[in-house]
Amino acid sequence: MRHSARWAIAAMALTLPAKAADLTIAVGGAFTSMDPHFFDLSPNHALTWHVFDRLVHPDAEQRPSPGLATSWRVVDERTWEFKLREGVRWQDGTPFTADDVVYTFARAPNVPNSPTSMGQYIRPVTRLEVVDAHTIRMHTAEPIPLIPQMMMSFSIIGRKQGEGMSTADYNSGKAAVGTGPYRLVSLALGDRAVFARNPNYWGRTQPWERVTYRMITNDSARVAALQSGDVDAIDTVPTRDVARISRDNRLTVTSRPGLRLIYLYVDANRPVSLLVTDREGKPIPNPMRDVRVRQALSIAINREGIQRQIMEGYSKPTGQAQPEGAMGYDPSIAVPAYEPDRARRLLAEAGYPDGFNITLSGPNDRYVNDDAIAQAIAQMWARIGVRTQVATSPASVFFTAGGVRDEHSIALTGWSTSTGEPDTHLSLMLATPEPERGRGTRLRPSHYSNPSLDRLIDRALTTIDQEAREKLYFEAIRIGYQQELAVIPIHHQVNIWAMRKGISYTPQLSEQTRAMEFAPAR
């Protein structure tokens, strides 16, 4: 063997995983269930997608492409027809048919104890018509232009495999039988899942025989696991560590701006908000019902400062729902200027010349630098007289307290549309809650309500023509995000991954980290 060839083999041994057909990933997002319908949460979707497939796949740009459905067409403005992929089998050998889609539509919006359900994607379909075993028609009460995009947002489960099963049965593995590229070997919630390649998967053959999918929410521990070789790849790389990791010749870093909006949800309508008091700590009428107070809180935030000092440049300050280049991005909406003097004047005009006390809630392990962002905002608000206590907690605790128990007054959180359009921003953040229509789920109870904006949102979500629909998006976002500040946008995340040399990664606009995007480098 030539010396150059022996050197190349030795170099590969240093950079590839110990066993090239195995992959270990560490993710920062806390996944909570193997039940694909339990919680509409990105870490859960990323986890469960290894086992459960979807009718429509998003491509790298979040556009619809064939999945378990090979094609779809508009029959009329209230009917969509989907042709299902033939020859697909569940991992127990049962054939996949239209009846499994019917079963999924019945179960997914109604999972007991779900923090937020899949209802917003499924309830627009008022009736499913099974044409034959591999053709299904979806009927809607009104025109729904985003039906294919909605079908990208949730997994299909089998009737035989799921009937009578609970979320606990999915978590135990008993019901975790899908049509996806991997089989579940084991699951330890709060720690890791282990998957084995599904040899009968209908799609592209996966390069990894075995995938270990670890949850390491602590940033330093996740980076240390990569540097020590305990894992092969990590996501949500802390911005402070990007330069150091990039200098390590054993590792590579990749990044991509994403759809994830980091924002503040505001208790904008309750007469009294639990975590707001006067200077003496006594309850007061909710000041955030006044739009001038919401405006003051927004312009007291130095978004460019957060981008520069906390995010190390890995964020895109914003005043709207969608990032530049995405459907629904309005170039006329500027990033809110940092104007602390004007913020003080607005507070005085609203009747709070001395400010008030408030608690800013948020997760400390879900979004990039989430705790640091909350601390920085608290300091900025203190400068305008709003004395702010920061109460961050693990994501599982935070989402339960805010979404289920409705205990927050104002909170830092994030949202990423699964359709590539701002439809769920409008229906979940701005629309008056109507759970039967999948509007305003319990996850972000701002209590904001504007009937005229509701009508505008309804028009946007039922307008087939894309150009006309985008104009309606613009109008709704100007009202909800810019004028009334029912939502206070901060920035869009730039998502960052790091991995050992010898492994390549194709980042998706959706930011979800899955084994299917990793491959041995060529």
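Which helix does Ala343 lie in? Select Ala343 and look: the residue lies in helix H12. The model on your screen is predicted.

**Stop 1: Ala343 and its surroundings**

Stay on Ala343. Its relative accessibility is 0%, so Ala343 counts as buried, the cut-off being under 20%. Now show what surrounds the residue. Beyond the four places on either side in sequence, Ala343 is in contact with Ala296, Ile299, Ala300 and Ile384. For a long view, add Pro507. That residue is 164 residues from Ala343 along the chain, and their C-alpha atoms are separated by 39 Å.

**Stop 2: H10 against H12**

Select residues 291-299, helix H10, together with residues 340-349, helix H12. The two pack at an angle of about 160 degrees, and their axes are 8 Å apart. An angle over 145 degrees counts as roughly antiparallel, so that is how H10 runs to H12. The crossing of H10 past H12 is left-handed.

Show the side chains on both helices. From H10, pick Arg292, Val293, Gln295, Ala296 and Ile299. They meet Pro340, Arg342, Ala343, Leu346, Leu347 and Glu349 in H12. Colour this contact by class and you get seven nonpolar residues, one polar and three charged.

**Stop 3: the largest nonpolar core**

Next, select Leu55, Met151, Leu264, Ile377 and Trp381. In the largest nonpolar core, which has 103 residues, these five touch the most other members. Then highlight residues 370-382, helix H13. This helix gives the core its largest share, seven residues.

Zoom in on Ile377. What is Ile377 in contact with, leaving aside its neighbours within four places in sequence? The partners are Leu264, Ile301, Ile306, Leu360, Leu412 and Ile490.

A separate core lies apart from this one. It has 33 residues, including Leu47, Tyr170, Leu184 and Met499.

**Stop 4: Ser361**

Go to strand S15, residues 356-363, and pick Ser361. Is Ser361 buried or exposed? At 3% relative accessibility, Ser361 counts as buried. Leave out its neighbours within four places in sequence and list its contacts: Leu275, Ala391, Phe398, His408, Ile410, Ala411 and Leu412. Leu412 is also among the contacts of Ile377.

**Stop 5: Leu41**

Move to the loop between strand S1 (22-27) and helix H2 (42-48), where Leu41 is found. Leu41 is buried, with a relative accessible area of 9%. Its contacts, neighbours within four places in sequence aside, are Ala30, Arg366 and Phe399. Now add Trp415. The two residues are 374 apart in sequence, but Leu41 and Trp415 are 9.2 Å apart in space, C-alpha to C-alpha.

**Stop 6: H15, H16 and H17**

Select helix H15, residues 423-430, and helix H16, residues 451-461. Their axes come within 10 Å and cross at roughly 155 degrees. H15 and H16 are therefore roughly antiparallel to each other. This crossing is left-handed. On the H15 side, show Asp423, Leu426, Ser427 and Leu430. They meet Leu453, Asp454, Ile457 and Leu461 in H16. The class count here is five nonpolar, one polar and two charged residues.

Keep H16 and add helix H17, residues 466-483. H16 and H17 pack at about 155 degrees, with their axes 8 Å apart. That makes H16 roughly antiparallel to H17. H16 passes H17 in a left-handed crossing.

Which residues of H16 meet H17? Select Leu453, Leu456, Ile457, Arg459, Ala460 and Leu461. Opposite them in H17 are Arg469, Leu472, Tyr473, Glu475, Ala476, Ile479 and Gly480. By class, this contact has nine nonpolar residues, one polar and three charged. Leu453, Ile457 and Leu461 meet H15, and they meet H17 too.

**Stop 7: two positive phi values**

Finish with the backbone. Most residues other than glycine have a negative phi. Select Asn113, in the loop between helix H3 (98-107) and helix H4 (119-122). Its phi is near 65 degrees, a positive value. Asn113 is exposed, with a relative accessible area of 70%.

Then select Glu312, in the loop between helix H11 (303-310) and strand S14 (315-317). Here phi is near 55 degrees, again positive. Glu312 is partly exposed, at 45% relative accessible area.

Conventions
Residues numbered from 1 in each chain as written. Predicted model: local features only at pLDDT ≥ 70, side-chain atom pairs only at ≥ 80, totals over all residues. Heavy atoms only, no water. Core = buried A, V, L, I, M, F, W, Y, C linked by side-chain atoms within 4.5 Å. Buried < 20%, exposed > 50% of the residue type's maximum accessible area, 1.4 Å probe, protein only. Helix = DSSP H or I, 4+ residues; strand = E, 2+ residues; numbered from the N terminus. Contact = heavy atoms within 4.5 Å. Axes fitted to C-alpha atoms, helices over the stretch in contact; angles between N-to-C directions. Parallel < 35°, antiparallel > 145°, perpendicular 65-115°, else oblique. Left-handed = near helix turned anticlockwise from the far one by under 90°. Nonpolar A, V, L, I, M, F, W, Y, C, P; charged D, E, K, R; others polar.
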